[in-house]
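Biologist: Got a minute to walk me through this one? I have it open on my screen and would like the big picture before the details.

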Amino acid sequence: MGRLLYELGRVEEKAKVANERASSKIGKGSFSWAWQLDGTTEERERGITMDIAVQMLSTPHRNITILDAPGHRDFIPNMISGASQADCALLVVDASTGEFEAGFDRGGQTREHVVLVRSLGVTQIVAAINKLDMVDWSKGRYEDICHHLKPFLVQSGFQTSKTHFVPVGAMPGVNLVSRNGQDAVALNSWYSGPTLAQLLDRLQPPRRDITSPLRFPISNVFKGQGSTTGVWGRACGGLVQVGERLRVLPGDETAVVKAIETETDRVQWAAAGSNVTLYLTAIDPIHLNVGSVLCPLTDLVELASAFTARIIVFDIQVPILAGTSVELFHHSRDVPAAISKLTATLDRASGAVTKRNPRVLTKGTSAEVQITMRQAAFAGPGARSAAIPLEPFSANKEMGRILIRRGGETIAAGIVLEIVRRN
């Protein structure tokens, strides 16, 4: 992504040279482009993306917010946080010998990332087959990777018309924005399609639900200027304006929006689908947490401690039983939960009930279940189950999607049907 930003004029020459020198100094010269987005000392020393990085780029017809998500399995929760805010996915696949196979084989991160982004509502995907310069711009290697990816993307729920493939070489900058120069001669001999930037320019923005009440899940909290506290996230519905007083849930606190900031400008309002920073006043920062949701005083989001959901079980080895302890992911929040009841298994195509009260759920099953929040801190008669702000999928699609993980593995994804216990 760093090289693409440079080609599009989003990285100054001074910053490029500084990253090259600093990365070479610690023996990681090949990571200099990644340093444009990997800004922390630990990320640069380890050579991996650990948290969400945000950048902007512009094409002739689109202004695009980039959410650079981690690829390493240790940071999947951060990847989920970023993917839950995305409209489209850019899947970067390593074409060098053995690397694609490692990511695509069972348990590989390429597979898990595709399943996660589709489960979180992303419907458009561009697969950039990178490092083809490492395999001498082999057409056969490119076609072999596409041959394996295409059926898997369809199986994961992506429509063929919304799936695109493009060969690139990020290090030499080939086919990111152009295919000029000596480095591109080999690729030009067999590829005449669009560049990566051209494909990004053709992405279709989804419809924005600006008539529904504001829902603003917080993804990051930081100290603002003066007495303000900055919260960054994505509006999942409605509008937010400077001067508006909002409720913070969970909790009883309210805050006033003093300023709204995009990556480049200060604005007076923001609508559904916008990734923005809100600077809040009239609230103690201790009451603002990642995963909390801002909403209007007159239309609060519900706090659920138990709800029913329709889920699809992924390729798991250990079946799901009633009472299974899991981690529930909803936007940037992850909480301990339990699948407290297996209500029914469903036909994946029609949604019709095939069996009521099943004993277990195995891989590939579609089912209706009840999920109950668990108390993380302590147990006993005085313990209360936690509650999280969410809504049925029928009321707000983005607020009604969930992911379920167990033992470091994503085991299921689904949508909220009905809240059965409210706080």
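Modeller: Sure. The chain has nine helices and 24 strands. Its radius of gyration is 22 Å, close to the 22 Å that the globule rule gives for 423 residues, so the chain is as compact as a globular protein of that length. Keep in mind that this is a predicted model.

Biologist: Noted. What box do the C-alpha atoms fill?

Modeller: Roughly 70 × 55 × 40 Å, taken along the principal axes.

Biologist: And how much of the chain is buried?

Modeller: Buried residues make up 49% of the 423. The chain exposes about 20,000 Å², and carbon and sulfur atoms supply 49% of that area. As for contacts between residues at least 6 apart in sequence, 67% join residues at least 24 apart.

Biologist: Let's zoom in on H7. What span should its 18 residues have, and why?

Modeller: H7 covers residues 139-156, and at 1.5 Å a residue it should span 26 Å; the end C-alpha atoms are 26 Å apart, which agrees.

Biologist: What sits at the two ends of H7?

Modeller: At the N-terminal end, Ser138 is the cap, with a side-chain oxygen 3.3 Å from the backbone nitrogen of Gly140. After the helix comes Gly157, which has a positive phi, near 115°.

Biologist: Which residues of H7 are buried, and what do they pack against?

Modeller: The buried ones are Arg141, Tyr142, Ile145, Cys146, Leu149, Phe152, Leu153 and Ser156. They pack against strands S3 (88-94), S4 (124-130) and S5 (163-167), plus helices H5 (99-104) and H6 (109-119).

Biologist: S3 and S4 both turn up there. How do they pair, parallel or antiparallel?

Modeller: Parallel, over seven bridges. Leu91 in S3 stands opposite Ala127 in S4. S3 also has two faces: Ala89, Leu91 and Val93 are on the covered one, while Cys88, Leu90, Val92 and Asp94 are on the uncovered one.

Biologist: Now S7. Where does that strand run, and how many of its residues are buried?

Modeller: S7 takes in residues 229-234, and six of its six residues are buried. Thr229, Val231 and Gly233 point one way, and Gly230, Trp232 and Arg234 point the other way.

Biologist: Which strands pair with S7?

Modeller: S6 (residues 216-223) is one of its partners, antiparallel over five bridges, with Lys223 opposite Thr229. S13 (residues 275-281) also runs antiparallel to S7, joined to it by six bridges, and there Trp232 stands opposite Thr277.

Biologist: What about the turn between S6 and S7?

Modeller: Those two strands form a hairpin with five residues between them, and Gly226 in that turn has a positive phi of about 65°.

Biologist: Switching topic: I was looking at Gln85. Where is it, and is it buried or exposed?

Modeller: Gln85 is in the loop between helix H4 (76-83) and S3. Its relative accessibility is 4%, so Gln85 counts as buried.

Biologist: What does its side chain reach?

Modeller: The side chain of Gln85 reaches the backbone oxygen of Ser81 at 3.0 Å. It also makes a polar contact with the side chain of Asn275, at 3.3 Å.

Biologist: Which residues is Gln85 in contact with, leaving aside neighbours within four places in sequence?

Modeller: Leu67, Ser219, Trp232, Gly233, Arg234 and Asn275. You've met Trp232, Gly233 and Arg234 already, as buried residues of S7.

Biologist: Any odd backbone spots? Which residues other than glycine have a positive phi?

Modeller: Trp137 is one of them, with phi near 50°. Asn175 is another, at about 70°.

Biologist: Where do those two sit, and are they buried or exposed?

Modeller: Trp137 is in the loop between S4 and H7, and at 9% relative accessibility it counts as buried. Asn175 is in the loop between S5 and H8; at 0%, Asn175 counts as buried too.

Biologist: And which peptide bond is cis?

Modeller: The one from Leu249 to Pro250 is cis, with omega near 0°. Pro250 lies in the loop between strands S9 (245-249) and S10 (254-261).

Biologist: Last one: where's Gly193, and how far is it from Pro167?

Modeller: Gly193 is in the loop between helix H8 (185-188) and helix H9 (196-201). Gly193 and Pro167 are 26 residues apart in sequence and 9.3 Å apart in space, C-alpha to C-alpha. With 24% relative accessibility, Gly193 counts as partly exposed.

Note on methods. Residues are numbered from 1 along each chain as its sequence is written. This is a predicted model: local features need pLDDT of at least 70, side-chain atom pairs count only at pLDDT 80 or more; totals for chains, interfaces and linings use all residues. Side-chain values use heavy atoms; hydrogens and water are left out. Helices (H or I, at least four residues) and strands (E, at least two) are DSSP runs, numbered from the N terminus. The expected span of a helix is 1.5 Å times one less than its number of residues. Buried means under 20% relative accessible area, exposed over 50%, partly exposed in between (1.4 Å probe, protein chains only). Contact means heavy atoms within 4.5 Å. A polar contact is a pair of N or O atoms within 3.5 Å; within protein, one must be able to donate a hydrogen and the other to accept it, and residues adjacent in sequence count only if both atoms are side-chain atoms. The radius of gyration is taken over C-alpha atoms; the globule rule is 2.2 Å times the number of residues to the power 0.38. Accessible areas come from the Shrake-Rupley method with a 1.4 Å probe; for residues, only the protein chains shown count as cover. Two strands pair if DSSP finds at least two bridges between them.
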